[in-house]
Structure formats: C-alpha cells, structure tokens
Amino acid sequence: MPLTERAVRTLQQAGCVRHVFVCTPIPIDITLGGCTVVVGDLHAALARAAQLFPDVRFGLIHDVERAATPPEVVEAVVAELERGAQAVVPVLPLTDTVKEVSPDGRILGTRDRAELRVMQSPLGAPIELLRQAADPRRPGVPLTTVDGHPHGLRIRTEIDVASVTL
C-alpha cells in the first residue's frame with residue numbers, strides 16, 4: 001500500500017478525524033472517501049479545511065513518512081487537545097547515544113539523554129493557531145507531549161520499509 005494511502009487510512013482509523021486533506025506540490029490521485037487532495041502548502045490545506053468544515057476546532061499535521069503511526073497515537077493527540085492543550089505532539093525517549101563534537105570533529109562528551117525525546121507526528125493544535133502561524137509545523141506555543149510509538153518512525157529507506165509492517 002502506498003505511504004500516502006497508509007497515512008490517510010491511519011488517520012481515518014483513529015475514529016476522531018472527520019476528514020483528511022493531503023497537501024502536495026503536484027496533483028496526485030487518491031480515491032479514498034473522506035480525503036481531499038489540495039495542491040499547495042499547509043496553509044492552503046488548512047484554509048480548505050476551514051472552508052469545507054467551518055466548525056472544525058483542531059488540525060493535525062501528519063508526515064506521510066510516518067505512515068505506520070498507529071491510530072492510538074492519533075487518538076492520544078486529539079484527546080490531549082480536547083483536554084485543553086495548546087499544541088500536542090507524540091514523542092519517544094531517545095535511545096541512541098548522543099555525542100557533543102567540537103568543530104574539528106573531536107568528541108567532547110556524551111549528552112545525558114534522560115530528558116531528550118524524538119518527535120513524531122501528527123502535530124495537533126487548534127486550526128486557527130495553525131492557520132496564523134508562519135510555519136504551521138512550528139505553531140509558536142508550548143508543545144504538550146503524548147507517548148509516541150516505535151512504528152511512528154520515519155520511513156525513508158528500504159531498511160525503514162522492512163522494519164515496519166505495511
């Protein structure tokens with residue numbers, strides 16, 4: 001199943017997403033109900049969502065490269081928004097070792113990763129906040145976190161594809 005279709009289905013399966021808008025720089029063919037393709041940027045997709053659904057409260061920005069994100073993660077993001085969070089993003093604890101390196105390439109030390117997290121998607125926020133942001137992926141308010149999922153990794157290489165069940 002193509003990544004775009006998988007990402008759309010994941011959002012729909014969460015049960016808390018009314019409609020999915022796929023924003024793309026070029027026209028693509030998606031024949032899934034409850035999905036509209038918007039040629040343009042995120043602002044164009046958010047404007048179209050507000051036009052078609054004037055009562056919409058929240059928008060979710062989901063990266064197609066994270067198509068294997070389970071529906072439960074989407075549900076958790078929306079639930080946190082319903083509880084009043086300004087913006088929400090799923091995260092996972094960082095498990096890789098992170099090194100501080102000098103400009104000349106020497107290792108200076110190891111960062112404590114106890115407070116570090118890997119950010120996933122979808123990012124959720126009130127739609128008006130997203131529409132007003134210069135970059136909707138950075139809404140300019142504190143982000144509340146919810147638990148992410150290992151399947152929410154970015155799918156960019158053949159190894160990534162092999163590591164998730166599509």
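**Salt bridges and burial in a predicted model**

Trainee: Which residue forms a salt bridge with Glu 128, and how far apart are the closest N and O atoms?

Mentor: In this predicted model, Glu 128 is paired through a salt bridge with Arg 131. Both residues belong to helix H4 (residues 127-132), where they are three residues apart, about one turn of the helix. The partner is thus Arg 131, and the closest N and O atoms are separated by 3.5 Å.

Trainee: Is Arg 137 buried or exposed?

Mentor: Arg 137 forms a salt bridge with Asp 135, with 3.1 Å between the closest N and O atoms. Asp 135 has 18% relative accessibility and therefore counts as buried. The cut-off for the opposite class is over 50%. Because its relative accessibility is 52%, Arg 137 counts as exposed.

Trainee: Why does Arg 83 count as exposed?

Mentor: Arg 83 makes a salt bridge with Glu 80, the closest N and O atoms lying 2.9 Å apart. A residue is exposed when its relative accessible area is over 50%. Arg 83 therefore counts as exposed, its relative accessibility being 60%.

Trainee: Which residues are linked with Arg 154 in a network of salt bridges?

Mentor: The structure holds 10 salt bridges. Arg 154 belongs to a network of them, and its companions there are Asp 63 and Glu 65.

Trainee: How many strands does the protein chain have?

Mentor: From the N terminus, the order of elements is α-β-β-α-β-α-β-β-β-β-β-α-β-α. Alongside five helices, the count of strands is nine.

Definitions and conventions: Residues are numbered from 1 along each chain as its sequence is written. This is a predicted model: local features need pLDDT of at least 70, side-chain atom pairs count only at pLDDT 80 or more; totals for chains, interfaces and linings use all residues. Side-chain values use heavy atoms; hydrogens and water are left out. Helices (H or I, at least four residues) and strands (E, at least two) are DSSP runs, numbered from the N terminus. A salt bridge is a side-chain nitrogen of Lys or Arg within 4 Å of a carboxyl oxygen of Asp or Glu. Buried means under 20% relative accessible area, exposed over 50%, partly exposed in between (1.4 Å probe, protein chains only).
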